[in-house]
Amino acid sequence: MTAAAPAPTPTPTPSPTSSLLASDAYRRLPRWSTWAFASGSLVVAFLVLLVAGGGLPGVAGVVALGAALFVLSSGVTSRVVEGPRRAADRLATTLVTGAFLLALIPLVSLLLLVVTRGAGAFSWTFLTTDMLGIFGDMSEGGIQHAIVGTLLITAAAAAISVPVGLLTAIYLVEYGRGPLARGITFLVDVMTGIPSIVAGLFAFALFTLLLGPAFRAGIMGAVALALLMTPVVIRSVEEMLRLVPNELREAAYALGVPKWLTIIKVVLRTAVAGIVTGVMLSVARVIGETAPLLLTVGMVTRVNWDLFDGRMATLPVFAYRQYESGGAGIDRAWAAALTLILIVMILNLVARLISRWFAPRGAR
Amino acid sequence: MSKRIDVADLDVYYGDFLAVEGVTMAIEPRQATALIGPSGCGKSTFLRTLNRMHEVIPGARVTGKALMDGQDLYGADVDPVTVRRQIGMVFQRPNPFPTMSIADNVLAGVRLNNRRMPKDAQQDLIEQSLRGANLWNEVKDRLALPGSSLSGGQQQRLCIARAIAVKPQVLLMDEPCSALDPISTLAIEDLIAELKSDYTIVIVTHNMQQAARVSDRTAFFNIAGTGKPGRLIEMDDTATMFSSPREQATEDYISGRFG
Amino acid sequence: MPVTTTPPRGVPDPAPSRADAGAAVRAASTGRVASRVFAGLSTGAGLLILVTLAAVAAFLLIRAWPALSASPEELETVSWFTGGSVAEYVAPLVFGTLLASVLALLLAVPVSIGIALFISHYAPRRLAQGLGYLIDLLAAIPSVVYGLWGALWLIGQLDPVFTWLSSTLGFVPLVADYQAPAKNIMSASVVLAVMILPIITAVSREVFLQTPRLHEEASLALGATRWEMVRQAVLPFGRSGVISASMLGLGRALGETMAVLMVISPGFLFSFFLLRPGQHQTIAANIASKFPESSGLGVSVLIATGLALFVITFVVNLAARWIIARRAEYSGAN
C-alpha cells in the first residue's frame with residue numbers, strides 16, 4: 001500500500017463542472033485509513049499502558065484505550081479532511097460496529113468459559129452416574145439422574161403444550177373470528193409475558209391446593225414449563241399456518257374436501273417443517289428454565305423415573321445447587337452447564353436442519 | 001353426466017355490502033358459457049357462488065335460487081362439500097399442492113377425502129384424468145416428481161386434471177389463462193373445447209377473443225360505479241353477442257371502448 | 001333464503017354411467033360430524049388458554065390470601081419476615097426489581113439499537129443473516145448458565161472497572177463505596193442486560209428492515225451520508241418499534257430469577273448505592289432463595305410477592321403490546 005496514491009487533490013479548482021467530483025467538498029480518506037487508524041490506536045494504547053503501568057497491560061485495557069484513541073484520532077482527521085458530515089458518519093459507523101463487537105464479548109467469553117471449565121469434570125462416567133452417596137469433597141458423581149429428569153419433564157411439558165398450542169393456533173388462523181379470537185390473541189400475548197418464577201408458583205399452588213401441601217412430583221414442573229411453552233408454540237405455529245397460501249385451501253375445498261381434512265392434510269402438511277422447527281425451538285427455550293423447577297420439583301440424588309411421584313433432579317437446578325455448594329460442586333456445575341448447552345444447541349441445530357430438509361419441494 | 005344450472009334472482013352480499021344483484025341465467029349442459037365484463041363487476045364473485053366457494057370468505061352470503069338439474073344448491077341440508085364434489089373449480093393461478101407429486105395431485109380429491117382405492121384403479125384414474133387434461137404425454141415419465149416442477153401452463157392443466165378426477169358435473173374456471181403465456185393459453189383453450197363435450201363449463205375471462213373462441217354462450221356483467229352492485233346486463237349466444245348485442249353497454253365493452 | 005321442494009339430500013350422487021371409478025367417488029360421507037368435532041376441539045383449546053390464565057390469577061390469589069389477610073403478629077412468626085405487612089415487605093423488593101431492570105434496560109437499549117442497525121443497514125448483505133443468528137444464540141443460553149458466567153467470571157472482570165469508577169467518581173453517590181467482590185446490583189444489571197439484548201435486538205431489527213426503501217433512497221438521493229439517512233429515515237420510522245421492544249425486554253428483565261439470585265448479595269434497602277453489596281434484592285430472586293426453606297404462612301407471603309411481580313410484568317407487557325398495536329394501525333406494515 002502506498003500512502004501517496006489516493007491522496008486528495010490539493011488545490012480547489014473553482015469553476016468547471018468536470019472537476020466538481022474532485023473538489024474539496026468530496027474529498028475522502030482512503031479506504032485503508034480505517035485499518036491504519038485502528039492498528040495505530042491499538043499500538044499506541046499498548047505502549048501507553050506499558051509505560052504508565054510498568055509491566056504487560058491486560059487485553060481489555062488495551063482494547064478499551066485503543067477504541068477510545070481510534071474514535072478520537074479518526075474522528076479528528078476525518079473532520080479536518082472530509083468535513084463534519086463525513087466525520088459524524090464515520091463516528092456512527094464506528095459506534096454501530098462497536099455495539100455489535102461488544103455483544104460478542106459475552107457470547108464468546110460465555111461459550112469459551114463453559115467449554116473450558118465444563119470439560120474438566122465432563123466425561124462418559126459423569127453422564128452415566130448419579131449423586132447417590134456423594135458428599136463433602138468427593139469429586140465423583142454425575143448427572144444421569146438430572147438428564148433423565150430434564151428429559152422426562154420437558155417431554156411431559158411438550159406433550160401438554162404441543163397439542164394445546166397446535167389446536168389454539170389452528171383456531172386462531174382457520175376458525176377464529178370476532179371478539180373471542182381477538183381476546184385469545186391478546187391473552188396469548190399476556191401469557192408470553194408471565195415470568196418463569198410465577199409459572200412455578202402457579203404449578204405449586206395448583207398441585208398443593210388439590211393434592212395436599214407436601215405433594216411433589218415431576219409433573220408439577222412439567223405444568224409450569226407447559227405454561228411457559230404454550231404461548232411460544234402458539235405464536236410459531238400461527239406464523240407458519242399464516243404462511244400457507246389461501247390458494248391451497250381453496251384448491252382443496254374445490255375438490256370437495258371438508259374443512260377439517262383440508263386443515264389436516266393440506267395446511268398442516270404444507271407447514272409441517274416450520275411447525276416442527278418452531279416446536280423444537282420452544283422446547284430448547286424451556287429446557288433450560290431453572291426457577292420454576294427449583295420451586296416445584298427440587299432435587300434428589302438418584303434417578304426418579306416416575307413423573308407423578310416424588311422430587312426429580314433436573315440439569316438447571318443441579319447446576320445451581322452444585323454452584324451453591326461450592327468446592328468440587330463448581331466443577332460439576334460447569335459440566336452440567338456444558339451438557340445443558342450441548343442439548344440446547346443440538347435441539348437448535350436439528351430444528352434448523354428439519355426446516356431445511358422438510359420444506360415443501362419446489363415451493364419458494 | 002353434465003348438468004344444467006338455473007340461477008334465479010341471485011344476490012350476493014359481503015356482510016351488508018351488496019356485491020352482485022339480481023342475476024338470472026340458464027347455464028346449458030355440454031356448453032361453455034363465458035362470463036365477461038370489466039374488473040370488479042362481480043363475475044368472479046358470481047362464479048364462486050355456483051359451487052358455494054364464496055362461503056370461504058367470512059360474511060359472504062347469497063339470496064335467491066341456484067338449481068342444478070332442478071335441485072337447490074342452497075337447500076337447507078345441502079352440504080357445501082357435496083356441492084363442490086359435483087361442481088369443480090379451476091383457479092386464476094395454478095395451485096398444485098406443493099407437497100405432492102404429479103400423480104398425488106391428480107389423486108388429491110380421493111386421497112384428501114381419506115377414500116381407499118385399489119392401486120390399479122388409481123393408475124387408471126391418473127392416466128384417464130391426465131389424458132383428459134391433455135397432459136399425459138408430457139408427464140407420464142415423471143409422475144413422481146413434485147407438481148411444482150412443471151411449467152405454469154402444465155401446472156394449470158394438472159389442476160384441471162385434478163378437478164376432473166373427482167368426476168364433477170360442472171367445471172368452473174376463474175380466469176384460468178390470465179397467469180399463462182400465449183402458447184399455454186392456446187393449449188388450455190383447446191382443452192376447453194374438448195372438455196365441453198363431457199362437462200358443463202363456465203369460464204370467467206377478461207380476454208374477449210378468448211370468450212369468442214371457446215364459448216357457446218356469453219354473459220356480460222357490468223357495474224354502474226364504485227360501491228354499486230354488479231349486474232348481468234345481457235346473455236346470448238356468443239356469435240350474437242359479438243355481432244349484434246342488444247345493449248349499448250355490451251357493444252361498448254366488446255368494441256373496447258371501456259373496461 | 002327461499003324454500004324449495006327438493007328431496008332432503010340435496011344433490012344426488014354422480015350418475016352411475018361412470019361406473020369405472022364411480023365406486024370410489026360415490027363414497028359420499030362429507031364428514032360433517034368430524035368437521036364439528038375438529039372445530040370444537042380447536043375452539044376448546046383456545047378457550048383453555050382463557051381458563052388457564054384465569055386459573056393462574058385465581059390460584060395465586062387463593063394461596064396468597066392467608067398472607068394478605070394475616071395480622072402483623074401472625075406475620076412475625078415467619079422467621080425472615082420484615083416490615084409490618086405484606087405491602088411493607090414487598091416494597092423494597094419492588095424497588096430492587098425495578099432498579100435492576102431499568103439499569104439493565106439503560107445498558108441494553110443503546111447497544112441493541114447499534115446491533116440492530118449494524119445487522120439491518122451496515123453489515124454486508126450476505127453476512128447479515130448469520131450475524132443475526134449469532135445474536136439469537138444469546139437467547140438460547142439457559143439462565144442458570146448466565147448465572148454461573150456472571151457469578152464466576154463477570155464479577156472478576158468488572159472488579160477493576162468498579163474500583164476505578166468508585167475511586168475517580170466516588171463523590172457521586174451512585175458509584176460511591178464499592179466493595180469487592182462485585183456482588184452488587186450493577187453486576188446483576190449487566191448480566192440482565194446481556195440476557196435481554198437478543199429480544200430487543202430482534203424486534204428492533206425487524207422494524208428497521210421494514211423502513212420503506214423509498215424513504216431511504218429519497219434521503220440518499222439528496223446526498224445524505226449513511227448516518228444521515230439512518231437518522232432521517234430509519235430511526236423515526238422505527239422509534240415506536242424500539243420503544244415496544246424495550247418494554248418487552250423490560251418485562252423479561254423484571255421476571256428473571258437466576259442471574260440475580262446467583263450474582264447479587266441481597267439486602268432490603270431503598271438504596272441508590274449501585275456498587276455496594278447487600279443493598280438490593282428482586283422479587284423473583286427473593287422467592288427462589290426463600291421458597292425451598294419456607295412453609296405455611298411463609299409460602300403465602302412469597303406467593304403474594306409473586307402476585308405483585310405478575311401484576312407488574314402484566315402492566316409492562318400490556319403497554320408494550322399497546323404501542324405495537326397502535327403502530328401497526330398507522331404504519332400499514334404487516
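Student: Over residues 94–320 of chain C, how far apart are the end C-alpha atoms?

Tutor: Keep in mind that this is a predicted model. The stretch matches a feature that the unreviewed UniProt entry calls "domain: ABC transmembrane type-1". Its make-up is 76% helix and 0% strand, and the distance between its end C-alpha atoms comes to 20 Å.

Student: Which helix gives the largest share of the largest nonpolar core?

Tutor: That core holds 282 residues, and A:Phe202, A:Ala319 and A:Ala337 touch the most other members. The top share is 17 residues, and they come from chain C, residues 86–122: helix α4.

Student: Which chain C residues is A:Ala337 in contact with, sequence neighbours within four places aside?

Tutor: Contact here means C-beta atoms within 7 Å. Within chain A, that picks out A:Val114, A:Gly118 and A:Ala319. Over in chain C, the partners are C:Val144, C:Val145 and C:Leu148.

Student: How many charged residues are on the side of domain 1 of chain C that touches domain 2 of chain C?

Tutor: The assignment splits chain C into domain 1 (19–69) and domain 2 (81–331), with centres 37 Å apart. Seven residues of domain 1 meet nine of domain 2. By class, the domain 1 side has six nonpolar, no polar and, as for charged, one.

Student: And in chain A, what distance separates the centres of domain 1 and domain 2?

Tutor: Here domain 1 covers 30–118 and domain 2 covers 127–363. Four residues of domain 1 and five of domain 2 make the contact, and the domain 1 side has two nonpolar, one polar and one charged. Taken over C-alpha atoms, the centres of these chain A domains are separated by 41 Å.

Technical notes:
Residues numbered from 1 in each chain as written. Chains lettered and ligands numbered in written order. Predicted model: local features only at pLDDT ≥ 70, side-chain atom pairs only at ≥ 80, totals over all residues. UniProt positions renumbered as here; feature names shortened; annotations may be inferred. Helix = DSSP H or I, 4+ residues; strand = E, 2+ residues; numbered from the N terminus. Core = buried A, V, L, I, M, F, W, Y, C linked by C-beta atoms within 7 Å. Buried ≥ 20, exposed ≤ 12 C-beta atoms within 10 Å, placed from the backbone. Contact = placed C-beta atoms within 7 Å. Domains from an automatic or database assignment. Nonpolar A, V, L, I, M, F, W, Y, C, P; charged D, E, K, R; others polar.
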